[in-house]
Amino acid sequence: MQQKLKIFCTDLNRFPAVTMFILLLGFSGYGQEIALSGTVTDSDGMPLPGVNVIELGTTNGVVTDFDGNYQISVPSDAVLQISFIGFETKEIEVDGQTTISVTLQEDQSQLDEVVVVGYGSQKKLTLTGSVVDVEGEEITKSPNPNITASLQGRLPGLVAVQRSGEPGRDDANILIRGTGTTGDNAPLIIIDGVERSSMGRLNPEDIESVSVLKDASAAIYGARGGNGVILITTKKGKIGKPEFSVSYNSAFNSPTQVPDMLDAPTYARVYNEGNYYRNYRDAGISYDDYLATPTQVFYSPEDIEKYRNGSNPVEFPNTDWIGDVMKDYSLQQRLTTQVTGGSEAVQYLLSFGATTQDGNFKKMPSDYKQFNFRGKIDVDINENLSIGANISAILTKREYTNIPNDINFVNLLQASPLLVSRYPNGLIAPGRFGENPLLLDQRGYNTTYDEPVYSSFTATYKIPFVDGLRIDASYNYDLSHVHQKRLSLPYTYHEYNVNTQEYDLKQGTGASTVELWDRYTRYTTKLFNYRLTYDKTFGDHHVQAMVGQETQENTSSYAEAYRRNFVSPAIDQINAGSTDPDDKNNSGNATATARNNYLGRFNYDFKSKYLFEFLFRYEGSQNFPQGQRYGFFPSIQGGWVLSQEKFIKDALPFVSNLKVRATYGKVGNDRIAQYQYLQLFGLGGNYVFGSSDAPGVTSGVLPNPNVTWEVSTKTDFGLSGSLWDGLLGFDFTYFMEKRTDILATRNLSIPSIVGFPGLPDENIGKVDNHGYEISLSHRNTVNELNYSVSANMGYVRSNVVFLDETPNPNAPWKNVEGHPVGAGVYYQADGIFNTQEELDAYPHQDGTGLGDIKIVDYDGDGDIDQDDQFRFDKTATPEIVFGMNTNFEWRNLDLNLFFQGQTNVYTYDGDFANLGNADFTNGFVMRAEDRWTVDNPDGTMPRADTFSPGASTFFLYDATFVRLKSMELGWTVPENLISSVGLNNSVRFYASGFNLLTWAKERKWSDPEGTTALVYPQLRTINLGVNVKF
Amino acid sequence: MKKIILLITLICASYSCSDDILEITPIDQISEASVWSDVKLTTAYHTEMYNVLQHGFKIHMQSKATDEAFNSINWDIGLIPRGDLNANNVGSVANNHWTGGGNVYFWNTGFSYLRKINLFLEKMEITELEFENKDQLIGEAKFLRAFIYFEFIKRFGGVPIIDQTYNLGDEFSFTRNTFEECVAFIESNLNDAIMVLPDKYASTDSNFGRATADAAKALKSRTFLYAASPLWNESNDEAKWQKAADAAEDLLDSGYSLHPDYETLFNQPSGSANNELIFTRQFSTTNFHQAPMHNLGRRYGAYGGWWSSNGPSQNLVDDYDMINGEPPFIYSGSGANISKTVNPESGYDPQDPYANRDPRLDATVIHDESEYHGDTFEMWVSPDGSTYGFDTYKQSSDNPRSNYQMRKFMPDANTPISWQENYTNPWIFFRLGEIYLNYAEAKFELGDEATARLYVSKVRNRVGMPDLPDTVTGEDLRKRIYNERRIELAFEEHRYWDVRRWEIAEDIENRPIYGMDIIKDGDDKTYNPVLLLERTFLPKMSLLPIETNELNRNNNSISQTPGWE
């Protein structure tokens, strides 16, 4: 897929120059029309059907027939352009000839295409590992400024789920091949050779490629590679005159979906029902009698009519909280400029990017700003020595309200429509619990400045007296400052007092005085590595060997200050707060970690046909006790390029490339808390004597003197190739993974009575994992239409083999073991009790009435208790994710459509289940529709205020969806128009969209990617932009 | 060129393959060795052990499990009044649950602190550290150990007695000791503590809140009272009552006196003068509680007990005597079949129910027309339900349905009510008022009714209530003693245990919970008690089950509490 795209893009780049050439030719005048014919063949003399033969600079063109023949009528001085995907494009001057037969050379750039692997790169053709990559250019097609969101669906085996769309907090949760462990599943992210965290915040224009090590190839990252590795490589300078590229785009964001909540009359009716079931149904009072009794019914029919007709908006409002609080859309802008160029000796790249994103609440200090800088320089000091520097910085400012957004969404979506948001006279009302989101701008802010600076200095020395031997060294220093400032202000609202009929000014429930927290955090990473590489071809034998050493030291520290009782919020600095000791507080902490590694890789191939690779890392991690700090993580890999065999070429001539491969190895995962081998005490647990605190110390968990890393044993088999010179490409990988030594506590088998201060993690857990990944691609040219389609899907399923779990002797179906990691326990629902007969005939718990969920008596013992719960087999992490990318290019227009989705995924939504509860939370329209009521005994949804002994499968929904993730339509301004305005290169306008259409199978009330509706929704983005290169 | 190679070599050399960079000691934590070799750290370790003492100002107060309040929720502590508690869900009613669970289930916290205390005592046996107050710290540790065991036995009956520490990999198997063995263990720990601890600190002293000999005596008083009670004294062994009476008597003349004002007894900041307090959990401005915001209503942006689940019940309000000393109601029947009639001698007017009551009613409960913090409360609803007072459940889900709010512990008019205020009024474990009632109860059971009446009357006189007349005797007097505890100690985590140890829970805890509906038509108000919750109590609920998981983890060597198997 990537190969094709690369060609595709190269063609695109070439296009303007070619047009230019034609334009110049055009001025030299036209010749006489002649009939021209010929045959197009490949280098083996085989005819090539479907080849484009175009008169350059015109729309005049034909395609070769099945035997490779073509006929075209062209001027005698025309230039023919002959192009075919997978081959180098040729241009031939007709020069009066009537027959021109052409031999096209296979495109070597495709054969030479490389993929970045750990500590180096490898040719795709001879690659044995399960490594996939995506080009930077493809990522830039997504208008989402967060790279992690743009990666969704593009890399088979990578599961990225974006649970929230809040600007600056929208990093997708990334997993490689799903959840392999009950511990930390986060993959290792390496940016330009160093473990760095802010992948999502990179400038997409800076990215050369993103590749993912999914299998035992990750063993070269030793104790950190167990969850897979994402390698991001940034662009380098190019030899040539300075080339500037500027792109600007501006986008409108709006939520993909905001749930429909009940309006006031419906809400009041639902609440009445809940109140009836709670208090009067069991007493034998009929619903009609209840409605007719003013002291019983909560909202009388007259009141409900007032809520409906809006005659008294102060006392009987019908509030549309979403409409009142949220904006219709918010703005997002991005500008990037980049200049590259250089001589043979010095190449450079400088880039700058700026992104701003607005929030979606009307009254919320929400704003995201990001600036990216990068300077990269590579210098050849002499023919053997080259050095380079790559320095980048990301400056981000995230400004939010200091009320967590999940709370804000609860206060928005669950606020009763019977509460006023804003009185008709303009005064803001308290809302739910005095937390009306319209008050957010009065309540202070929570601003974070996160400003990492990344620096890498590299040197490569080719040892002059040994051909093929070189030393690479790099020193990297990253320094990151995070400054978080949280200001909390007292706020007020007005509340209409029904007795006095006045609007009382009231203090909100938050701060009663101005409070400020200021927190400075500093992170450093020092990484030094050097590698000795030997790369040489001896006849048919190609050998590459690399050994190296790497050390890494990380530190972090923070200091926090707090004051309250500020004289005025006007000066939001610590020194303006009260100096009373009770009004001040501060805290701080620090950590340090280190690693020492030895690593190596050995590759051998014979005629690029038989492939062998061995790689290892001998990793020392300070996380573990002395004497047990080092571990050895090897991987062995082999491949056979069948298409290089003559018998395959003869038997299957349509096969252009075919390879089988297998890998096996051990990778570690040491993402665990530090110092688990020591009994430690922390400060805390103060106790009060008199009226002041006496300091305490608390013991940490018991030590585990044998703590070590998780081990992941990975086995992969793959088959990949391309047919018909690239018309069809495919890749199939099957993998198995066994995780052992997963850290888990024996909580479950050690009684509390011994009183241990927390149990240490021990390496006892076991999880198996298996799955497959498929990608298919097709590309072709029909007349002037170039198009490509590629699709991929990944399936992964985990199975907990051992975890120290509490025995469930009566209900083995509740066990964690034998189910995927993260599988939940539910009661099995079987519709609802519609009739008294059904209810009487089936076991149910006290409190269950008509309209409640029928819980299946799972163990068949005649009553419903905890033993009737079972562990469900699917989780909120999709087992199957898929993506489909299509590109079309026709003359100056290009179109990209990208679909993405997930299936075999279920999410439980307890918030959705709430309806008509005593606590006055609003419910969802889809939940209230067709609910069981006295008047709707055939309803399919449970009654208001439904009773259930626990979470049941009734509210467990299939979260399968397919969405048009992104779409981009571009128009490259024709060369002649550009030259007329004095620009001499290319200008492209485009419109794009993100999350444009979503089809959800069952979760239709809110975005199916989230697990609850009560979070910041994913955003739909409509974007307009322009790219200029000159 | 050479310079560059030299430079690279130098850099490489300086980073050469040394293992040293992996030798990092923790920079933000303390190693175990330093804890036991430094007096300050040893003391800090000891101080932290006090956190085993659970205050009652949690999100869920224990009153929600009793007839003191209407509990509106059917989960967590709402399981108890509904009879839905079992060995699988009892862990959700634990003090270490996020709601505090009314401090009902205390197993895990108790045993984890027991290990801390045992470890401390073991270390003190072998330590070479010499410091002045070592004996005192050991005495305090023993007091805490006794306190833990008392908390255990009132919940579970006899539990395993553990006086040593175990480590990972040790073999162990535990079985329950008897209730009597546990009481003896408590007694011996307290006797050790009394020998080395100072008698008392003034409530204004910077050491107030530390264990004292008087605190140990108070714990003895309560322990022996419980041990003599019907639940644990089937044969009604007088010797047990005698022990209880002696233990209480030991504190009668120790220099404590009843605080003159029943309101400020509970709502003044830690460190205030208060000669009634024997042992409390103190609070500071950095270690504070938010009981007012948990328990007041919407008027103050507070939560009515969270989910409005801690509104005082009509049942409690009914049990406050009239100012003339007479109970307002005469009850007949029991449990779900209880019925009441107005006591004609009391002068109680059902249509003016808050007039002429024991002053402790107004100091404990906010009702319609209460004046509190400068506000007049309004808890009425119009006949058609369309207009209602600002403090009704109709106005906000933060106002309790019972139409009562908690007043005890709540700030006085000088203290702001807001989420940002750091409340420090102490949680009282032992005060003289309780000791008087312990003494009265024990004396009554020993047949000394005059002394019993005297000490009940002392408690009543403090608020201006008349003496119990000499005509109150026998079973009537027992009821008055029981009721005095209910009133005097309301919301102080006594009621739950008292009704159980008295074995009256099958009556009391099966009575439905009522609230008060006040219908206001023009200027006329009518008062209609409203049934809010039917409750279920079964005999096994006198004690708590141990979590099923915990029994499984102990290979079932510990027996489940009777009735819960």
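Student: In which loop of chain A is A:Glu929 found?

Tutor: In this predicted model, A:Glu929 is found in the loop between helix H13 (925-928) and strand S47 (956-958) of chain A.

Student: Why is A:Glu929 called partly exposed?

Tutor: The relative accessible area of A:Glu929 is 48%. Buried means under 20% and exposed means over 50%, so A:Glu929, with 48%, is partly exposed.

Student: What makes the surface patch that includes A:Glu929 negative?

Tutor: The patch is formed by A:Asp260, A:Glu929, A:Asp930 and A:Asp938. Asp and Glu count as negative, and therefore the patch of these four residues is a negative one.

Student: Which residues make the nonpolar surface patch, and what is its area?

Tutor: A:Phe717, A:Leu719, A:Phe732, A:Tyr734 and A:Met736 make a nonpolar patch of about 410 Å². Strand S36 (710-723) and strand S37 (728-745) of chain A each supply at least two of its residues, and S37(A) gives the largest share, three residues.

Student: How do you know that A:Phe717 is accessible enough to belong to a patch?

Tutor: A:Phe717, in strand S36 of chain A, has 43% relative accessibility. Patch residues need over 30%, so the value of 43% meets that condition. A:Phe717 also counts as partly exposed.

Student: Is A:Ile428 buried or exposed, and what is the reason for the label?

Tutor: The relative accessible area of A:Ile428 is 12%; the limit for buried is under 20%, so A:Ile428 is buried. This residue is found in the loop between helix H9 (405-413) and strand S22 (444-462) of chain A. Between A:Ile428 and A:Ile190 there are 49 Å in space, C-alpha to C-alpha, and the two are 238 residues apart in sequence.

Student: What makes the contact between A:Glu195 and A:Arg224 a salt bridge?

Tutor: The N to O distance between their side chains is 2.6 Å. The criterion asks for a side-chain nitrogen of Lys or Arg within 4 Å of a carboxyl oxygen of Asp or Glu, so this pair qualifies. The pair links distant parts of the chain, 29 residues apart: A:Glu195 is in strand S14 (residues 194-195) of chain A, and A:Arg224 is in the loop between strand S15 (207-213) and strand S16 (229-234).

Student: Why do A:Glu195 and A:Arg224 carry their accessibility labels?

Tutor: A:Glu195 has 27% relative accessibility and counts as partly exposed, because the value lies between the limits of 20% and 50%. A:Arg224 has 4% and counts as buried, because buried means under 20%.

Student: How do you know that B:Glu130 and B:Lys134 form a salt bridge?

Tutor: Their side chains are 3.9 Å apart, N to O, and the limit is within 4 Å; the pair therefore counts as a salt bridge. B:Glu130 has a relative accessible area of 64% and is exposed, whereas B:Lys134 has 13% and is buried.

Student: How many salt bridges does the structure hold over all chains?

Tutor: There are 91 over all chains. One of the pairs is A:Arg739 with A:Glu737, at 2.5 Å, N to O, and both of these residues are buried. In chain B, a network of salt bridges links residues including B:Glu276, B:Arg360, B:Lys408 and B:Glu492.

Student: What makes the phi of B:Glu369 worth noting?

Tutor: B:Glu369 has a positive phi of about 70° although it is not a glycine. Most residues other than glycine have a negative phi. B:Glu369 lies in the loop between strand S7 (365-366) and strand S8 (371-372) of chain B, and its relative accessible area of 46% makes it partly exposed.

Student: Which sign has the phi of B:Phe409, and why is this residue called buried?

Tutor: Phi of B:Phe409 is positive, near 75°. This residue lies in the loop between strand S11 (405-406) and strand S12 (427-431) of chain B. Its relative accessible area is 4%, under the 20% limit, so B:Phe409 is buried.

Student: How do you know whether the radius of gyration of chain B agrees with that of a compact globule?

Tutor: A compact globule of 565 residues would have a radius of gyration near 24 Å, and chain B has 27 Å, which agrees. The C-alpha atoms of chain B fill a box of roughly 105 × 65 × 50 Å along the principal axes. Chain B comprises 18 helices and 14 strands, and 64% of its 565 residues count as buried.

How values were computed
Residues are numbered from 1 along each chain as its sequence is written. Chains are lettered from A and ligands numbered from 1 in the order in which they are written. This is a predicted model: local features need pLDDT of at least 70, side-chain atom pairs count only at pLDDT 80 or more; totals for chains, interfaces and linings use all residues. Side-chain values use heavy atoms; hydrogens and water are left out. Patches are made of residues with over 30% relative accessible area and no salt bridge: like charges are joined within 9 Å, nonpolar side chains (Val, Leu, Ile, Met, Phe, Trp, Tyr) within 5 Å. Accessible areas come from the Shrake-Rupley method with a 1.4 Å probe; for residues, only the protein chains shown count as cover. The place of a charge is taken as NZ of Lys, CZ of Arg, CG of Asp or CD of Glu. Helices (H or I, at least four residues) and strands (E, at least two) are DSSP runs, numbered from the N terminus. Buried means under 20% relative accessible area, exposed over 50%, partly exposed in between (1.4 Å probe, protein chains only). The radius of gyration is taken over C-alpha atoms; the globule rule is 2.2 Å times the number of residues to the power 0.38.
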